[in-house]
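Reader: I should like to learn how features of a model are read, one at a time. May we begin with a single residue and proceed to sheets, ring pairs and a helix?

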Amino acid sequence: MKRFSVKGLVIAPVLALVLLSGCVAVGVGSVTISYSSGEQLSSSEHAYVRYSDGTVTQANDPAQGMNSAVTTTDSSKTIVGGYVSDGTVSWVPGFNANSTSYVNLSAIEANKPSLPVGYVVQGKPIADSAHPGFTSVPYNIYGTDGNLVNGQTEVFISSADPNTVFYNIDVNDTNFGGITTVRNGFSWHTVNGMVSFSIQGNPSDIANIPLSFHSGQALISPVLTGLSDAGVTIAAPSAGSAPVNAAAVEAATANPDFTVTGVTWNEALTASGKFKASQAYTATVTLTSKSGTSFLTQGVTPTAAGSTGVSAATTSGTGEGNTVTFTATYGATAPLALGSIAVSKQPAKLSYVEGTDGVLELDGMIVTETNNDGTTVDVPFASGTADGYTTSPANGTALTVALHDGAPVTITHTASGKTTGTNPLTVVTDLVPIGTASIVGVTPPVRGASPVSAIAATNEYTAAIAWSPAASVFAPSTVYTATITLTPKAGYTLTGVSKNFFTVAGASSVTNDADSGIVTAVFPATAAAPSPIGTAAIVGVTPPVRNASPVSAIAATNEYTAAIAWSPAASVFAPSTAYTATITLTPKAGYTLTGISKNFFTVAGAASVTNNADSGIVTAVFPATASMPSSGGSSAPVNDTPVVSTDGTLTLPVGHTGEVSLDDAVKVSIPAGATDKELKLTIQKLTNTQQLLTDDEVLASPVFEILKNFSENFSKPVTLTFAFDPKALSGTQKAVVCYYDEAKKAWVEVGGTVNGNHITAEVNHFTKYAVMVVGEGASQPADPGQGFSDVAGHWAEQGIKEAVGAGFVKGYPDGTFKPNQTVTRAEFAVMLANALQLHGDGAKLTFKDSAEIGDWAREAIASAVKAGIIHGYEDGTFRPNAVITRAEMATMIATATGLKIEADADTGFADDAGIPAWARGGVALVKETGIVQGKGGNRFAPQDHATRAEAVTVLLNLLAQASKGNAVSG
């Protein structure tokens, strides 16, 4: 340990300043440092001389028994102070320098800080009034514990800019004629954790000066910008307005140095969370520093625009991310005032008969007052009146048709003059008995049809209908009775209606009591149940003969219609080939397949004929055709007969002419020599074509995809003939044949010659073709109820109109139908129930997610469950809001037909393997009956989502099956 005394110490006046931090000396070659009696430096502590360039010279320790020592300094540098350091902390001890020209260092350990410097926070620069042209910059010096340092920590400030000038703020230097300014750097010490430096320039210049800080030889980092201003923008409270939160104040304030992290309104709000009237409010605001800044521990000045006062700020934490909290006070909001009135509950009676019960009664009416702060008060009109209000007409006024029919009652708040009104009054003269006897809209019961469930209102009454016995579909050989309940409209009465006054077309008897609207209509018994088809022989099927064309149609009988398909498909029967005919029989009205025995049907010339019990699918296998004859070494016979097909497929040998058609809608004629290859041609009618059309493109025919087995164009023109709908044209519009350019995704006009409702064009290649409408259209007549803006030209347009007309589906309020929008399971269940007219009490819904089924769909789903059409999922849910898949839709439809479903049936679709096992039988059935069609490439696409247009189409097909006499479940 070292102990020193100042006894006998004498040094030059210029040297008397060097160990006082902040003293400035130039041209000094040596300094003498002495220590007060009892002062000592530990073995780890040393004194240092600081130069303006930041370098230091370690002072010599006094010799044994001495209290001072001389240290050689660099006379070419400017001395700006000195300090003591133990290698961890650096500080300025106490000192005493006077005209006797010596420095006495004291309080060395007393001024020693506890911890080294952690970081610096710069305060707000202000002009130095004592030193014009200079700016005083305060700095808070924090220790490594985050608190302001104690003791007299040495702080050396320096600038990389050699033109930066610091003012010598040591007042002792001026006592000895010291130097007032210095460049590069300056040393001083903290007082209560803070130190200030005076730097040449304006306050706005400080941010652009590159400054660094050291304590001893340790660099101080980081250097944060200290925040003293805490101004925020807060919308002042007003009665009825919503209080702003922290996010709103942050957006309005947008200060880059802090974030508004809390705004709490301390006084009560209204029940709806608005500012009350006549209420003074205070808001507690919390701000958090960011972006290299820190709120000063002391001296933060908060402001809030529009407030009447702001409390002192409280700083919490240190460094970037610390917070300040203060409270802003606002004056009282506006006094409570009535803003508006409205009738929240109408009078119990709004309809009157002049001269009979025509005295105005406002009993039960409630008027709700809304004040300027959003609070409300309900004012009941007990006995038709309320204090503070007048009405026109007044309660108890005798009403007349001339003055009051269709007019509201005006209610006036007497004090404010604010008004509101009731719903219009209905005032009529004496009631008139219903005078129209005929009740229209009741269709007589027909076996297999659905009962009428609603009767349209007339100008005299509304009506409801109920059937006995209750049925979703009329049974055979049954007498049904309709009970019709008529309710008079305003101005009409049942009083005066005579006994048995009403009539219902088709009823065998119609009765009603006098003065009664309960009408009973009894109808004749429905037709008896259909008889099983009794004719076994299917005629008109010519056995296959080599080079002959297959039979493509079978004439209908009085019991059924029939369709035929050949396997393998062929336009001309090949040699040495066994062919199978699949014949589909559809019973006519009065006939059924139920009761048909297994293998009942016969086909002349077939080697075997099979059918399942109760089935009209007949399979006839014929013997192989004759083999090809051989003559003179020639392997192919000469045959100039055209090859003709009507099923949309054609195989044309080289050198032959051919003709293939599909449903009389399109015909393709191929001349001989059009190609030097065997031609295999297919025609497919596309059903989902919306993606091929723009909004302004209109079809006059379906879209057909015509394909061949090679890519080359024909060497001779091929003729296409299309049937089209002339009603699709208007004004100067015309029909043209177009093909779809797959590369450009656009339709290309071919042209064509029109002959009646057919158009013919010549082409040299195959792709998608259609007849389209071109030219300006004339105005179209209105189509009430079906004039949807998005179905014109849609492939399902006609079906959509039929479905809307049938009443089992509706459009949207904006005038659209949205044909390509997907359908949920609940929506399809409603469509299906409406189509089948499933009404009455349904089954109790026990699905786990029954609560998710909307009221609008609940009755329909319950009826479908009762009818056995809907069963839900294995986990006990129905999933009403899930989009229905084609597999699910096909299963519901198949169940609704009431026909037998073969669980292991082969659907015949190319993607049969992808059809779920639970759906395969249903898919096969709806395909077999023609209710549901496949997609391109003979795919069923079971997981595709069904659209509204597809749903409408299959439901119409289902109803078509019902009209043919096929069973349809109810």
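Reader: Is N547 buried, partly exposed or exposed?

Author: The model is predicted, and such labels follow from relative accessible area, where buried means under 20% and exposed means over 50%. N547 has a relative accessibility of 32%, so it counts as partly exposed. Its place is the loop between β45 (537-538) and β46 (560-567). The C-alpha atom of N547 is separated by 9.7 Å from that of A626, although the two residues are 79 apart along the chain.

Reader: Which label applies to N111, and where does that residue lie?

Author: N111 has a relative accessible area of 15%, and it is therefore buried. Like N547, which lies in a loop, N111 belongs to a loop, here between β10 (104-105) and β11 (117-122). Beyond residues up to four places away in sequence, N111 touches W91, V92, P93, G94, S106, G151 and Q152.

Reader: Which residues does T323 contact, and is T323 buried or exposed?

Author: T323 lies in strand β29 (residues 323-330). With a relative accessible area of 19%, T323 falls under the 20% limit and is therefore buried. Neighbours within four places in sequence aside, its contacts are T286, L287, T288, F295, T314, T315 and S316.

Reader: How should a sheet be read, and in what order do the strands of the open sheet lie?

Author: Strands of a sheet pair through backbone hydrogen bonds, and the pairing may be parallel or antiparallel. In this case 6 strands form an open sheet with mixed pairing, in the order β52-β54-β55-β59-β63-β62. The edges are β52 (643-645) and β62 (753-755); each has a single partner strand, so one side of each is left without a neighbour in the sheet. On average, neighbouring strands of this sheet are turned by 15° against each other, direction ignored.

Reader: Which way do the strands run at the two edges, parallel or antiparallel?

Author: At one edge, β52 and β54 run parallel and are joined by 3 bridges. Within that pairing, V644 has E659 in β54 as its bridge partner. At the other edge, β62 and β63 (residues 758-763) run antiparallel, again with 3 bridges. There T753 stands opposite T760 in β63.

Reader: What is found on the other side of β54, where β55 lies?

Author: β54 is joined to β55 (residues 666-670) by 5 bridges, and the two strands run antiparallel. G658 stands opposite I670 in β55. The two strands form a hairpin with 3 residues between them, and D663 in the turn has a positive phi of about 55°. As for exposure, β54 (residues 658-662) is mostly covered, with 4 of its 5 residues buried.

Reader: How many aromatic pairs are there, and how is the geometry of a pair read?

Author: The count comes to 28 aromatic pairs. Two values describe each pair: the distance between ring centres and the angle between the planes, with angles over 60 degrees classed as edge-to-face. W566 and F573 form an edge-to-face pair, 5.2 Å centre to centre with 80° between the planes. Both of these residues are buried. The rings of F714 and F766 have centres 4.9 Å apart and planes at 65°, so this pair is edge-to-face as well.

Reader: Where in the chain do F714 and F766 lie?

Author: The pair links distant parts of the chain, 52 residues apart: F714 is in the loop between β58 (703-708) and β59 (718-723), and F766 is in the loop between β63 and β64 (768-774). F714 is buried, with a relative accessible area of 6%, and F766 is buried at 10%. The charged end of K708 also sits over the ring of F714, 5.3 Å from its centre. Elsewhere, K77 lies over the face of Y51, at 5.5 Å from the ring centre. Ring pairs also link Y139, F186, F197 and F213 into a cluster.

Reader: Finally, which residues of helix α4 are buried, and which are exposed on the face turned away from them?

Author: In α4 (residues 797-806) the buried residues are G799, I800, A803 and V804. These cover an arc of only 135° around the axis, which puts them on the same side of α4. The face turned away from that buried side carries the exposed residues Q798, G805 and A806. After α4 comes G807, whose phi is positive, near 85°.

How values were computed. Residues are numbered from 1 along each chain as its sequence is written. This is a predicted model: local features need pLDDT of at least 70, side-chain atom pairs count only at pLDDT 80 or more; totals for chains, interfaces and linings use all residues. Side-chain values use heavy atoms; hydrogens and water are left out. Buried means under 20% relative accessible area, exposed over 50%, partly exposed in between (1.4 Å probe, protein chains only). Contact means heavy atoms within 4.5 Å. Two strands pair if DSSP finds at least two bridges between them. Axes are lines fitted to C-alpha atoms, for helices over the stretch in contact, and angles run from 0 to 180 degrees between N-to-C directions. Rings of Phe, Tyr and Trp (its six-membered ring) pair if their centres lie within 6.5 Å; planes under 30 degrees apart count as stacked, over 60 as edge-to-face and the rest as tilted. A charge sits over a ring if NZ of Lys or CZ of Arg is within 6 Å of the ring centre and within 35 degrees of the ring normal. The arc is that of the directions from the helix axis to the C-beta atoms.
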